[in-house]
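Open the model in your viewer and show side chains as sticks. This tour goes from one charged pair to the next.

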Amino acid sequence: MALGIYFAHEGFTPEKYDEAISRLDAAGAGSPKGRSSHFALESDGAIQIFDVWESQEDFDAFGQTLVPILTELGVQLGAPMVATVYNTLTS
């Protein structure tokens with residue numbers, strides 16, 4: 001059962017997002033196991049993230065790399081919203 005995970009961290013600017021992606025790629029975590037979709041949404045100069053993950057375990061494993069990177073970039077981490085994916089439609 002897939003999970004939808006949404007983040008809206010304070011201070012997560014487009015520049016910090018781009019740097020985080022670069023650091024994740026350098027750490028070999030740019031395309032993590034278990035993440036099937038990634039969406040970066042920009043609103044009023046802030047990045048919000050919506051990902052679809054195969055399991056909580058895969059997401060937690062990725063967090064071991066992601067959280068230190070975001071912390072180093074000065075992003076103020078908030079708790080993610082986690083929900084079971086009920087349906088997916090693509091065109």
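Exposed means over 50% relative accessible area, buried means under 20%, and partly exposed lies in between. Keep in mind that this is a predicted model.

**Stop 1: Lys33 and Asp58.** Select Lys33. Its relative accessibility is 65%, so Lys33 counts as exposed. Now add Asp58. The two side chains form a salt bridge, 2.8 Å from N to O. Is Asp58 buried or exposed? Asp58 is buried, at 11% relative accessibility. Zoom out to see the backbone context. Asp58 sits in helix H2, while Lys33 belongs to the loop between H1 and strand E2 (35–43). The pair therefore ties together parts 25 residues apart in sequence.

**Stop 2: Glu19 and Arg23.** Move to helix H1, residues 14–26. Select Glu19 and Arg23; their closest N and O atoms are 2.9 Å apart, in a salt bridge. Why about one helical turn between them? Because Glu19 and Arg23 are four residues apart in H1. Glu19 is partly exposed, at 32% relative accessible area. Arg23 is partly exposed too, with 27% relative accessibility.

**Stop 3: Glu72.** Keep Arg23 selected and add Glu72. Their side chains meet in a salt bridge, 3.0 Å from N to O. Glu72 lies in helix H2 (residues 56–72) and Arg23 in helix H1, so this contact links parts 49 residues apart in sequence. Glu72 counts as exposed, at 61% relative accessibility.

**Last view.** Select Glu19, Arg23 and Glu72 together. Salt bridges with shared partners join these residues into one network. The salt-bridge count comes to three.

How values were computed. Residues are numbered from 1 along each chain as its sequence is written. This is a predicted model: local features need pLDDT of at least 70, side-chain atom pairs count only at pLDDT 80 or more; totals for chains, interfaces and linings use all residues. Side-chain values use heavy atoms; hydrogens and water are left out. A salt bridge is a side-chain nitrogen of Lys or Arg within 4 Å of a carboxyl oxygen of Asp or Glu. Helices (H or I, at least four residues) and strands (E, at least two) are DSSP runs, numbered from the N terminus. Buried means under 20% relative accessible area, exposed over 50%, partly exposed in between (1.4 Å probe, protein chains only).
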